[in-house]
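Please look over the complex shown here. The questions that follow go through its residues, chains and confidence values.

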Amino acid sequence: MSRTARLLLFGVGGIGFGVVLVYGLSGLPAFGHYEGVYGNVIDGVGVTLRHGTDLVTALNFDIRGFDTLGEEFILFASVLGVVLILRQMRGERERPARQEADEHTLAGASEALRALSLAMIPAILAIGVYIVVHGQLTPGGGFQGGVILAAGPLAVFLAGRYLRMKIVAPQTLIEIGDAAGAMGYALIGVAGLALAGAFLKDFLPLGAVGHLLSGGQMDLASAAVGLEVSGAFLVAFSEFLDQALVVSGEQG
Amino acid sequence: MTLLQIAALASVAIAGGAVVAASDPLRQTLVLSVYGMALVMLFFVFQAPDVALSEIVVSTVGLPVMILLALRKVQEHERERENGEDES
């Protein structure tokens with residue numbers, strides 16, 4: 001396609017898009033004037049009914065817990081896809097272990113980067129666990145805490161120690177974590193079915209509002225999702241790292 | 001709309017434009033993570049801290065790392081192909 005034709009196509013498309021966009025935006029409610037009903041209802045009854053002060057978590061893990069089950073398995077299935085596509089193919093082989101394999105070859109990590117990464121690891125892990133267990137109290141929860149936890153071993157890699165990362169987070173362990181988290185969430189649902197009469201219905205005491213162990217099953221669900229998400233991200237990271245650093249093609 | 005929210009929206013617009021304008025994929029990845037940080041600020045000042053927390057790690061660490069690793073793999077492939085042609 002010539003340059004003129006492309007510009008013409010962009011012009012027509014751009015004008016059309018602009019018209020539709022402006023028309024659509026003009027129909028929106030004024031800034032800050034939420035007109036939905038659902039949000040206000042949850043705001044009104046969420047704390048008294050569910051004993052959780054972060055209503056986003058109350059929605060995710062209790063009121064609309066079934067949606068989260070689906071989302072969790074979307075993540076699980078997509079990570080399975082990554083593992084399947086990036087598995088070691090015929091004709092590929094792992095590079096022979098070299099003496100510098102421990103110090104990865106991406107770039108010489110400077111001493112400052114190395115020290116900073118190592119110093120960050122405990123802080124990252126502490127924040128991750130804090131966010132997972134305080135899901136029903138403050139913003140955060142299983143997903144947010146899970147991705148932060150997954151960043152911990154990644155900092156080991158940043159510090160220039162790829163193979164150390166494998167020791168900190170061995171493949172089998174993170175795969176088991178991923179699967180156990182996904183299964184755990186489903187099992188919480190089944191426990192609700194068995195003990196409370198409906199799938200994912202709260203079967204634990206709600207506790208006092210604002211306490212660490214409150215909100216019934218939200219804590220458990222948050223922990224299960226945290227485990228699953230951190231496992232899933234680490235499996236994906238280490239598959240990518242393997243591809244880039246360890247596996248090589250036929251020419252090798 | 002507060003001044004803070006306007007500033008956050010503007011920084012997202014500028015950073016988004018910068019991602020498109022960066023031509024070298026390697027630099028683009030780094031600009032992308034800056035864009036992610038601008039998004040985090042946006043979510044935070046618009047009172048969505050839950051989304052901001054996920055976005056911090058996903059867009060400033062997770063996504064750039066995966067793109068960088070993929071870029072490295074592509075470069076390695078190209079180098080191997082060149083070497084192969086030299087030998088034949």
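Q: Is A:Leu200 buried or exposed?
A: In this predicted model, A:Leu200 sits in the loop between helix 8 (171-195) and helix 9 of chain A. Its phi is near 65°, a positive value in a residue other than glycine. A residue needs 20 or more other C-beta atoms within 10 Å to be buried. Because A:Leu200 has 24 C-beta neighbours inside 10 Å, its class is buried.

Q: Which residue follows helix 2 of chain A with a positive phi?
A: The loop to examine is the one between helix 2 and helix 3 (55-63) of chain A. The residue in question is buried, with 22 other C-beta atoms within 10 Å. Its phi is near 60°, and it is not a glycine. The residue that follows helix 2 is A:His51.

Q: How far apart are the end C-alpha atoms of helix 2 of chain A?
A: Helix 2 of chain A covers residues 38-50, which is 13 residues. At 1.5 Å a residue, a straight helix would reach 18 Å. Helix 2 of chain A also bends by about 40° at A:Gly44. The end C-alpha atoms fall short of the straight value and are only 16 Å apart.

Q: Which helix gives the largest share of the largest nonpolar core?
A: The largest nonpolar core has 59 residues. Those with the most contacts inside it are A:Val147, A:Ala151, A:Leu154, A:Ala232, A:Phe233 and A:Phe237. The largest share of this core is 17 residues, and it comes from residues 218-245 of chain A, that is, helix 9.

Q: Which residues of chain B does A:Ala151 touch?
A: A:Ala151 is among the residues with the most contacts inside the largest nonpolar core. Not counting residues up to four places away in sequence, A:Ala151 touches A:Ile124 in its own chain. Across the chains, it touches B:Val57 and B:Val61.

Q: How far apart in space are A:Pro153 and A:Ala169, C-alpha to C-alpha?
A: A:Pro153 lies in helix 6 (residues 142-158) of chain A, and it counts as buried because it has 24 C-beta neighbours inside 10 Å. Beyond four places in sequence, A:Pro153 is in contact with A:Met165, A:Val168, A:Ala169 and A:Leu234. A:Pro153 and A:Ala169 are 16 residues apart in sequence, while their distance in space is 6.7 Å.

Q: Which residues of chain A are in contact with B:Leu53?
A: B:Leu53 is placed in helix 3 (residues 49-87) of chain B. It counts as buried, because 24 C-beta neighbours lie inside 10 Å. Leaving aside neighbours within four places in sequence, the contacts of B:Leu53 are A:Ile131, A:Pro139, A:Gly140 and A:Gln144.

Q: Is B:Leu26 buried or exposed?
A: B:Leu26 lies in helix 2 (residues 25-45) of chain B. B:Leu26 and B:Pro64 are 38 residues apart in sequence and 9.5 Å apart in space, C-alpha to C-alpha. The cut-off for an exposed residue is 12 or fewer other C-beta atoms within 10 Å. Since B:Leu26 has 12 C-beta neighbours inside 10 Å, its class is exposed.

Q: How many nonpolar residues are on the side of chain B that touches chain A?
A: Between the two chains, 18 residues of chain B are in contact with 19 residues of chain A. On the chain B side, five residues are polar and four are charged. The nonpolar residues there number nine.

Q: How many strands does chain A have?
A: From the N terminus on, the elements of chain A run α-α-α-α-β-α-α-α-α-α-β. Nine of these elements are helices. The strands number two.

Q: Where does pLDDT stay under 50 in chain A?
A: Chain A averages a pLDDT of 84, and 88% of its residues score at least 70. One stretch stays under 50, and the model has eight contacts beyond four places in sequence for it. Where pLDDT is low, the predicted coordinates should not be read in detail. The stretch of chain A concerned is residues 98-105.

Q: In which helix of chain B is confidence highest?
A: Chain B averages a pLDDT of 88, with 95% of the residues at 70 or above. Within chain B, confidence is lowest in helix 3, at a mean of 84. The highest value is 95, in residues 3-21, which form helix 1.

Q: What ipTM does the predictor give the complex?
A: The predictor gives two scores for the complex. The pTM is 0.83. The ipTM is 0.82.

Terms used. Residues are numbered from 1 along each chain as its sequence is written. Chains are lettered from A and ligands numbered from 1 in the order in which they are written. This is a predicted model: local features need pLDDT of at least 70, side-chain atom pairs count only at pLDDT 80 or more; totals for chains, interfaces and linings use all residues. Helices (H or I, at least four residues) and strands (E, at least two) are DSSP runs, numbered from the N terminus. The expected span of a helix is 1.5 Å times one less than its number of residues. The bend at a residue is the angle between axes fitted to the seven residues ending there and the seven starting there. A nonpolar core is a set of buried Ala, Val, Leu, Ile, Met, Phe, Trp, Tyr and Cys residues joined through C-beta atoms within 7 Å. Two residues are in contact if their C-beta atoms, placed from the backbone, lie within 7 Å. pLDDT is the predictor's confidence in each residue, from 0 to 100. Ala, Val, Leu, Ile, Met, Phe, Trp, Tyr, Cys and Pro count as nonpolar, Asp, Glu, Lys and Arg as charged, and the others, Gly among them, as polar.
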